[in-house]
Amino acid sequence: MGVGVAHSAAYEGALSMAQPKSLDPYTNPRSFYGAELRRKREEMGWSQEQLGAKAFCSGAYIGQFESATRRPQPDLSRLFDGEFGTGEHFQRLCRLARKSKHADYFADAAELEKLAKTISEYAPMLVPGLLQTEAYARAVTQVTLPYADPHEIAELVQLRTERQRILGATTGPLLWAVLHETVIRVPMGGRDVMGGQLRHLVNLGRTPLVVLQVLPFAASAEAFINGMTSLLTFSDAPAVVYAEGAGSGQLIEDPGLVEQYQRSYDRVRAAALSPEASLGLLESAAEEHSTP
């Protein structure tokens, strides 16, 4: 999920809250990338702004790479190699530095979750990862990766639950999730797992920073988004959209497309049951799954 150079500005404000810092270049591949970028830039006698102008981005954005705040981007790394005359040096370093516990198509979005002011999600089939119980996450992972060994399953489930820490953080985002009724009717993991997941949703929906709505079957034709969608807003940066399908995902930064997604999400939210009615439906569904 490489970020296009032309739309890099969407990230700059969201990540500018991280101040430049002195790094040990041997701490990790991202720090080494940043140190090499700074070393080569200074060797050429360029300021961050000058290098940014050559790479069609801002000097602040260059600073985020040099301070290891941002994961290096393939497109920019190619441009750096061209400007510095370094062959494929930065492209190779980029491949090392972009390694993540998350799938590559989701890794950048996972970082932005931590910086978001609000996260608005639409889930057509499954409970969003930030709202999943451990048992539900395990059931989803086992279905998605039926041939994976138990150790790999356990690591992926742990990674998903670690993402959920932002919901309890004092600086965490407001999470607004619209769940299609299919989400609460498909008994993922069986009766006990699904019952526990629905009760977990009810509990989360009663907290100040989580708002839940259910889009009922009867209203589905009034508002439609094709696939899981997450709209992220920031205090000092433009909004972005992350859209995910089976085994793939796309980060969308183009302002026009983001606006279209926002309008679609607004229609989904308007067609859904109110938060109060949604919690009532979730409680009812939880009871149904708890009934022998």
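## Cores, one helix and two buried loop residues

Q164 lies in the loop between helix 9 (150-163) and strand 2 (174-180), where helices (H or I, at least four residues) and strands (E, at least two) are DSSP runs numbered from the N terminus. The structure is a predicted model, in which local features need pLDDT of at least 70 and side-chain atom pairs count only at pLDDT 80 or more, while totals for chains, interfaces and linings use all residues. Residues are numbered from 1 along each chain as its sequence is written, and side-chain values use heavy atoms, with hydrogens and water left out.

Not counting residues up to four places away in sequence, Q164 touches G129, L130, L131 and Q132, a contact being heavy atoms within 4.5 Å. A second loop residue, S67, is found between helix 4 (59-66) and helix 5 (74-84). The table sets out the burial of these two residues, where buried means under 20% relative accessible area, exposed over 50% and partly exposed in between (1.4 Å probe, protein chains only). It also gives their polar contacts, which are pairs of N or O atoms within 3.5 Å; within protein, one must be able to donate a hydrogen and the other to accept it, and residues adjacent in sequence count only if both atoms are side-chain atoms.

| Residue | Relative accessible area | Side-chain polar contact |
|---|---|---|
| Q164 | 18%, buried | backbone oxygen of G129, 2.9 Å |
| S67 | 2%, buried | backbone oxygen of G63, 2.9 Å |

The largest nonpolar core has 38 residues, of which L131, L198, L201 and L282 touch the most other members; such a core is a set of buried Ala, Val, Leu, Ile, Met, Phe, Trp, Tyr and Cys residues joined through side-chain atoms within 4.5 Å. Helix 11 (residues 191-205) contributes the largest share of this core, with six residues. A second, separate core of 16 residues includes L51, Y61, F90 and L93.

Leaving aside neighbours within four places in sequence, L282 is in contact with I184, L198, L201, V202, L212 and V214. L282 is also one of the buried residues of helix 13, together with S278, L279, A285, A286 and H289. These buried residues cover an arc of only 125° around the axis, and therefore lie on the same side of helix 13; the arc is that of the directions from the helix axis to the C-beta atoms. On the other side of helix 13, E276 and E287 are exposed. The cover over the buried residues of helix 13 includes helix 10 (181-185), helix 11 and strand 3 (210-215).
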